[in-house]
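Notebook open, coffee poured. Here is what I looked up in this one, starting with contacts.

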Amino acid sequence: MTTKQLIQQIEAKQSLLCVGLDTDMTKIPPHLLEEEDPLFAFNKAIIEVTHAFAVAYKPNTAFYEAHGEKGWRALKKTIDYLNRHHPEIFTIADAKRGDIGNTSSMYAKAFFEDMQFDSVTVAPYMGRDSVEPFLAFENKHTILLALTSNEGAFDFQTQKLNDEELYKRVLRTSLTWQNSQNLMYVVGATKAEYLKEIRKIIPKHFLLVPGVGAQGGSLEEVCKYGLNDHYGLLINSSRGIIYASKGEDFAKVAGEKAEELQQKMKLMLNCLMVNDKW
């Protein structure tokens, strides 16, 4: 999917919503455990009630890898279902990969060619040659971990290196890499106060923002400081939508929560847009 196609979908749906499919077998409704593939059955039900409000889906691969071969099959069935029935929706493999060049090339092939995801999250710690193999794929996006929402982000990411925070060094350096136009960045919603500085460095790139909802991030602050002139935000909610109910009405309630969040996003977009300028 191209960036232009993603922007068109955001405009059409008036939504920045990314639904995180962090599907935990211990948290899905008990009646689904009787299904042949409970993980896929849950995902399919969630997708069908949220796709009208979402512009992206983000399965966290750990929740599937934990179940071995069955988990990988469920993940593959999920992405195949999305690509077949909702090809206009952006897909993110939340895999947080990153290794030496040859290994990164194999990871990229796995998620972009075999699994057919539109994007994958990547850790930048090993530098240029661990990321550029992902960036080499046309119309695919590499989502670099920049400033994450967890408490441990302060251990390294905000520490100063020659009077500049490390996350800022990562942002500036990544812009020099080949095909850096294919980069997006993860910035946690709980770090919304940093978005103003981040936008000075990467004004045009898309940001994937987790942490709105269950983790306490503010949608209003994220939109205020993170939006750019072509939207530039994908705002993720996982637990607040997919586990809003543990009963047999889980899908209905998830759809309601997704619509509620999309309506708030629509209001933010309308409030912040004046004369076609943000």
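**Contacts, then the core**

I began with contacts (heavy atoms within 4.5 Å): among those in the protein chain between residues at least 6 apart in sequence, 74% join residues at least 24 apart. A note to self: this is a predicted model, where local features need pLDDT of at least 70 and side-chain atom pairs count only at pLDDT 80 or more, while totals for chains, interfaces and linings use all residues. Numbering runs from 1 along each chain as its sequence is written, and side-chain values use heavy atoms, with hydrogens and water left out.

Next I checked overall shape. The radius of gyration, taken over C-alpha atoms, is 18 Å. That agrees with a compact globule, because 278 residues would give a value near 19 Å by the rule of 2.2 Å times the number of residues to the power 0.38. The C-alpha atoms fill a box of roughly 55 × 45 × 35 Å along the principal axes.

I then looked at burial. Buried residues (under 20% relative accessible area, 1.4 Å probe, protein chains only) make up 54% of the 278.

Which residues touch the most other members of the largest nonpolar core? I found Leu16, Leu17, Val19, Leu234 and Ile235, out of 88 residues in that core. Such a core is a set of buried Ala, Val, Leu, Ile, Met, Phe, Trp, Tyr and Cys residues joined through side-chain atoms within 4.5 Å. Last, I followed Leu17: leaving out residues up to four places away in sequence, its contacts include Phe53, Val55, Ile235, Leu261 and Met265.

Methods: Buried < 20%, exposed > 50% of the residue type's maximum accessible area, 1.4 Å probe, protein only.
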